[in-house]
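Okay, hi everyone, thanks for coming. I'll put the structure up so you can look at it while I talk.

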Amino acid sequence: MERLILAGILIISFVIAWRFIPAEKARDAFILFLSIQFFSWPIGLFVVEMKWIEYPVQLFPNDNNDYRSSLYFEFFLFPITAILFNLYYPSSRRVIPKLFYYLLIAGFFTCIEFILERFTKLVDYHKWQWYWSYFSVMLILYLSHKYYKWFKRGLR
């Protein structure tokens with residue numbers, strides 16, 4: 001069952017990317033994809049190596065031999081979520097809707113991880129709590145958005 005969920009994450013990530021990233025924004029999406037991984041990959045690897053969180057089941061049986069973090073969350077689902085966050089960010093709105101947007105997207109991602117932790121063997125929290133995921137997702141969304149704004153300002 002867990003491997004079906006991981007395969008579903010891959011398929012859903014590709015479908016979402018294909019359906020919701022406009023072709024004229026593909027270059028922006030690629031820059032965001034790389035920048036999000038720049039921020040999220042070391043944090044995820046650090047958390048796994050400190051044994052605060054574990055991903056016991058991977059899609060392929062030997063995936064945990066070399067890289068014990070979650071390849072499918074950190075390199076597919078979360079970057080796609082963060083790309084959509086940045087591309088559809090409500091820039092022209094006031095502060096409260098922008099803050100709500102951050103809380104909603106970070107909450108969505110944290111809820112998915114929390115449900116998977118409770119009902120599957122895909123994620124095991126050892127010394128980790130859901131609010132650390134929430135905080136780290138908010139931080140990475142903030143950093144990626146600041147980077148994206150900085151990058152876009154340089155292109156004008």
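I'll go through one helix, then the core, then a cavity, and finish on a single residue.

One thing up front: this is a predicted model, so keep that in mind as we go.

Let's start with helix α4, which covers residues 95-119. That's 25 residues, and from the first C-alpha to the last the helix reaches 36 Å. At 1.5 Å a residue you'd expect 36 Å, so the span is close to that.

Which residues of α4 are buried? There are Tyr101, Tyr102, Ile105, Ala106, Gly107, Phe109, Thr110, Glu113, Leu116 and Glu117. Look at the numbers and think about helix geometry for a second. An α-helix has 3.6 residues a turn, so residues three or four places apart point the same way.

And what covers those buried residues? The cover includes α1 (2-20), β1 (53-54), α3 (71-87), β2 (124-125) and α5 (130-154).

Next, the core. The largest nonpolar core has 39 residues, and the ones with the most contacts inside it are Ile53, Val123 and Leu141. Helices α1, α2, α3, α4 and α5 each put in at least two residues. The one that gives the most is α3, with 10 residues.

Let's zoom in on Ile53. If you skip its neighbours within four places in sequence, Ile53 is in contact with Val47, Val48, Glu113, Val123, Asp124, Tyr125, His126 and Trp128. You've met two of those already: Glu113 is one of the buried residues of α4, and Val123 is one of the best-connected residues in the core.

Now for the empty space. How many cavities of 30 Å³ or more are there? The count comes to one, and about 270 Å³ of space lies in it. Its lining has 17 residues, and those nearest the centre are Gly44, Tyr55, Glu74, Glu113 and Ser136. So there's Glu113 again. Two or more lining residues come from each of α2, α3, α4 and α5, and α2 gives the most, with five. By type, the lining divides into 11 nonpolar, four polar and two charged residues.

Last stop: Gln37, which sits in helix α2, residues 26-49. Is Gln37 buried or exposed? Its relative accessible area is 14%, and buried means under 20%, so Gln37 counts as buried. Leaving aside neighbours within four places in sequence, its contacts are Pro42, Glu74, Phe75 and Pro79. Glu74 also came up in the cavity lining, among the residues nearest the centre.

Okay, that's me done. Questions?

Notes: Residues are numbered from 1 along each chain as its sequence is written. This is a predicted model: local features need pLDDT of at least 70, side-chain atom pairs count only at pLDDT 80 or more; totals for chains, interfaces and linings use all residues. Side-chain values use heavy atoms; hydrogens and water are left out. Helices (H or I, at least four residues) and strands (E, at least two) are DSSP runs, numbered from the N terminus. Buried means under 20% relative accessible area, exposed over 50%, partly exposed in between (1.4 Å probe, protein chains only). Contact means heavy atoms within 4.5 Å. A nonpolar core is a set of buried Ala, Val, Leu, Ile, Met, Phe, Trp, Tyr and Cys residues joined through side-chain atoms within 4.5 Å. On a 1 Å grid over the protein atoms alone, a cavity is a set of points where a 1.4 Å probe fits but cannot get out, and a pocket is an open set with protein on both sides within 12 Å along at least five of seven lines; lining residues have an atom within 4 Å of a point. Grid points are joined across faces, edges and corners, and a volume is the space filled by probe spheres set on the points. Ala, Val, Leu, Ile, Met, Phe, Trp, Tyr, Cys and Pro count as nonpolar, Asp, Glu, Lys and Arg as charged, and the others, Gly among them, as polar.
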